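Student: Could we go through this structure together, one residue at a time?
Tutor: Gladly; let us have it in front of us before we begin.

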Amino acid sequence: MAISEITQRRVKRIGSGMFAMSVFQLVLCALSVMLIIMTKDGNNPVDYKALVAAGFGGFTSLLGIIGGSGRLELVTRLYYVFNLWLLSTITTYLYLSIDEETQKQGLCSPSQASFSSSDNDCQNKLAMAKGKLSLGVISLATVFVCCILSVNFEDALDDYNDQKMTDKLASMRDEENTMSMGESGGVDQEMNEGNAPNGKEHAD
């Protein structure tokens with residue numbers, strides 16, 4: 001029995017989806033690193049945490065690319081576990097980013113703005129903070145989708161590998177049956193030849 005066409009199409013469809021989302025996740029991580037470096041504000045611990053999360057997210061997305069293209073169940077499982085960690089990390093980063101943006105909005109308000117701070121400088125900082133916040137929201141949604149795809153892909157790979165193993169065992173059993181039938185046929189033929197009367201005995 002060959003692997004069902006439904007299982008093959010399911011593995012191919014989900015694997016392609018996970019591969020595409022992993023590539024998109026890698027692009028988001030690269031954009032996050034660039035944006036964090038461009039807007040780095042002194043020794044802000046939020047920026048360092050975001051940089052570590054973006055780097056780890058890039059590594060995780062590479063696992064998704066490898067697992068999706070190579071149909072590797074173990075790599076897909078690691079990809080799911082790492083994405084769970086990213087979900088909690090990005091959620092914490094978003095909370096800190098919202099708090100940071102609120103503080104910047106307060107500092108850039110007309111009543112709180114200092115004489116040394118220009119309006120353009122405040123607007124640029126607010127725009128960068130909103131950009132990082134928007135990118136964080138997109139990253140969170142992307143990681144959530146990647147988690148769902150990795151779970152479904154692991155389940156599809158499990159079915160695929162089970163059917164593949166079943167087919168292999170069935171093929172081995174068929175070969176053993178064929179060999180045993182051939183051996184028993186040869187033994188029966190030898191016994192028939194040994195029991196058959198020769199021409200001289202038949203003439204007597």
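Student: Where does S150 lie?
Tutor: S150 lies in helix α4, where a helix is a DSSP run of H or I with at least four residues, numbered from the N terminus. Please keep in mind that this is a predicted model, in which local features need pLDDT of at least 70 and side-chain atom pairs count only at pLDDT 80 or more, while totals for chains, interfaces and linings use all residues. Residues are numbered from 1 along each chain as its sequence is written, and side-chain values use heavy atoms, leaving out hydrogens and water.

Student: Is S150 buried or exposed?
Tutor: S150 is buried, because its relative accessible area is 0%, and buried means under 20%, exposed over 50% and partly exposed in between, with a 1.4 Å probe and protein chains only.

Student: What is S150 in contact with, leaving aside its neighbours within four places in sequence?
Tutor: With those set aside, S150 is in contact with M18, T76, Y79 and Y80, contact being heavy atoms within 4.5 Å. In addition, a polar atom of the S150 side chain lies 2.7 Å from the backbone oxygen of C147.

Student: New topic: how many disulfides does the structure hold?
Tutor: The structure holds zero disulfides, a disulfide being a pair of cysteine sulfur atoms within 2.5 Å.

Student: Why is there no bond for C147?
Tutor: Its closest cysteine sulfur, in C146, is 7.3 Å from the sulfur of C147, so the two are too far apart for a bond.

Student: And what about C29?
Tutor: The sulfur of C29 is also too far for a bond, because the closest cysteine sulfur, again in C146, is 9.5 Å away.

How values were computed: Helices (H or I, at least four residues) and strands (E, at least two) are DSSP runs, numbered from the N terminus. A polar contact is a pair of N or O atoms within 3.5 Å; within protein, one must be able to donate a hydrogen and the other to accept it, and residues adjacent in sequence count only if both atoms are side-chain atoms.
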